[in-house]
Amino acid sequence: MAKTVKRLDRLSDILCSVVDSAELIRNVHPDKKFVDAANDAHMALSSIINQLNTHQELYQSLHRVMNDATITSKFSEQELRVGNLLLADFERAGIHMPAATRDRFVDLQNRIGELGHMMITNAAPGTATVEIEDPAQNLIGVPPNIVSMFARSKTAVIPTSSALATTVLKSARNEDVRRKVYMAMNSGSREQVDVVEALLWTRGELARLLGKESYAEMSLVDKMAGTPENVISFLESLSDLHKPRAEVELDRLRSLKATHVAKGASRDIQAWDRFYYSQFIAPSAVIARPDVLADPFHAAPPTSYKSDPISAYFSVGATFQGLSQLFKSLYGVTLEPATVAPGEVWHSDVRRLDVMHEKDGKIGTIYCDLFSREAGESRKYENAAHFTVRCSRRIDDEERFGSAYHAGSMKIPGFEKDVVENGTKKRYQLPIVVLVTAFRRPSDHMPALLNLWEVETLFHEMGHAMHSMLARTDYQHIAGTRVPMDFVEVPSIFMENFAKSPEMLSSFARHYQTGDTVPLDLLRSARAASATTDAFDTQHQLQLSLLDQMYHSPLALQPGFNSTAVLAESQRLYNVFPPIKDAAWQVQFTHLFSYGATYYSYFWSRRWASRIWRKWFRGRDEQAWKEGGELLRTELLGCGGGRDPWTGLEKLGVVKDGERQGVFRARLDDLGISD
Ligand SMILES: [Zn+2]
């Protein structure tokens, strides 16, 4: 009985190593046959996992163990945590409910899946268009190559999901035209709105069935924040503090507009004015983005970086050398390029890096698949991501099952390691992760060069990878990045700080032709340019995070719930642009489905990452970095999900009095902004 947790964790390890590999392959493999096979494997495994999650005997055994103090009193902190997490996984599927309630529960869950799928399908770039009469007159300001496309038409027909629409929004001098385009890009049909409202209502019902007031309350139970009240007080204090900065930006736009519009016309800045007037403030840094499409985790790259002369200093090779140098001073680990055996990787672009610790030797492996595919190959995942293939876990303390054990565990030669910890010899399986990005391919005469946004992306993803590499846990269920959702971005956002530091970047950036170091002035001005419109973006993301909480509150169950009115209310409370009647862009906010009351996670994680950076690293010397790095490794990264993140953050000295109990006094620091 005492081995139940260990055995379930091992079972989970076997299943995950297949399902995670399938997830990787279906996203990156250039050969469609492999992609299809991976899809099939993924589907088959998902159904097996479903069966296991609703397996009464498995659940009953675990339940008995976790409720038997004579057994659990001998558990380590990690084992107790894993046991409780596994129990919660079972109960998420409603296994502990009486039959009638369980049927209703399963129905609601299925319905939520369907509605979420509908919402995403509805939001996909579609065929909707907006028509602009008399383009020659009304498109004044728009680049001539675009206007000439409509030279012989009476009406310009512009697809709302196209780059064309954003260009018109950014450059059309006629405010009516901008308003029309903006409204078309941010509208939703009655049907689309109904789907969103049904989704929110069904989630509320599901929460009620589990005895919770709201879906937010239900989904925050196992997060760091704990309750909706904590999340809302955190976000509102940030919003109050930050709003004046966005208002300063708005004032700048307002005085610009005053010089543009006719006497007597309104000078108020509307949402559709934002990109148009911003271009006069910082022409090189303006990015026209439709309001809701920006993913806070991996936002769209500023197009102005593309031809940036700064890229010449950031070849992929130089950037990885910089990362290796950084990890050496932080954690005593380096990244060593290793050769790949025939059949080991899925594409000739893929590079293997073994992660070597100065005392322990190899601690894991990172495969890097960095470039967009060539024409003719199966399309690859287009965003930056960190895929787990194999988790770290302890393996010397489990029973051997003969050949079945070896078959099931899929041992890989060279990926086990003996270490002595506190006098005990232990054996661990080593982690394997894959880092995927879609950078531009190198050419015959030029290495792959990165712009600053891409450098930041690489640092971010390497933060996730290091979390996986440095965590040494006894169980795979809590390995590396398997931590609460509102904590998982801390190690990655922490790494962005280094990528934003001109001093850090200049320590490794070298011109790929001349070998010259990058001029600090060039770095500083590029930084400043990219920060110009940040205040609007930050305020907008704060509004979305709060909207996510409003939508997943008990409000969604009230009769007459109107998501469009709630959106306008959130705009009034938490944004600086006036609410627009009937704008229903919530239908495009698909993160509502995927995050479900956890969209705040980015801000929550950013706070801790900034505080760690400021307390231990910013402006300090290499010796201090070593000290900070050691603390970070032992108290936070090394624990994976085996410990309450609050405890690790307290050990690092970055939690203020009362914060754990939900009392927040926000500072601009928490947003990564210096005063
Ligand atoms: Zn991330």
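**Domain 3–domain 4 interface and the zinc site**

In the predicted model, the C-alpha centres of domain 3 and domain 4 are separated by 29 Å. Domain 3 is assembled from three segments, 187–198, 209–300 and 533–675, whereas domain 4 covers residues 311–508. The remainder of the assignment consists of domain 1 (4–123 + 199–208) and domain 2 (129–178).

Contacts between domain 3 and domain 4 involve 37 residues of domain 3 and 34 residues of domain 4. About 2900 Å² is buried between the two domains, and carbon and sulfur atoms contribute 68% of this area. One salt bridge is counted between domain 3 and domain 4. A salt bridge also describes the pairing of the Glu-496 and Arg-606 side chains, with an N to O distance of 2.9 Å; Glu-496 falls within the bounds of domain 4 and Arg-606 within those of domain 3.

The zinc ion is coordinated by NE2 of His-460, NE2 of His-464 and two OE atoms of Glu-489, at distances of 2.1 to 2.8 Å. The angles subtended by the four donor atoms run from 50 to 137°, and the arrangement is therefore irregular. Along the chain, the donor residues follow the spacing H-x3-H-x24-E. His-464 is part of helix H17 (residues 452–470), while Glu-489 sits in the loop between H17 and helix H18 (490–499), so this pair ties together parts that are 25 residues apart in sequence. His-464 and Glu-489 are both buried.

How values were computed:
Residues are numbered from 1 along each chain as its sequence is written. This is a predicted model: local features need pLDDT of at least 70, side-chain atom pairs count only at pLDDT 80 or more; totals for chains, interfaces and linings use all residues. Side-chain values use heavy atoms; hydrogens and water are left out. Donors are N, O and S atoms within 2.8 Å of the metal (3.2 Å for Na, K and Ca); water is not among the atoms, so sites may look incomplete. Four donors count as tetrahedral if all angles lie between 85 and 135 degrees; four count as square planar and six as octahedral if opposite donors are over 155 degrees apart and all others between 65 and 115; anything else is irregular. Helices (H or I, at least four residues) and strands (E, at least two) are DSSP runs, numbered from the N terminus. Buried means under 20% relative accessible area, exposed over 50%, partly exposed in between (1.4 Å probe, protein chains only). Domain bounds come from an automatic or database domain assignment. Contact means heavy atoms within 4.5 Å. Buried area is the accessible area (1.4 Å probe) that two parts lose on being put together, summed over both. A salt bridge is a side-chain nitrogen of Lys or Arg within 4 Å of a carboxyl oxygen of Asp or Glu.
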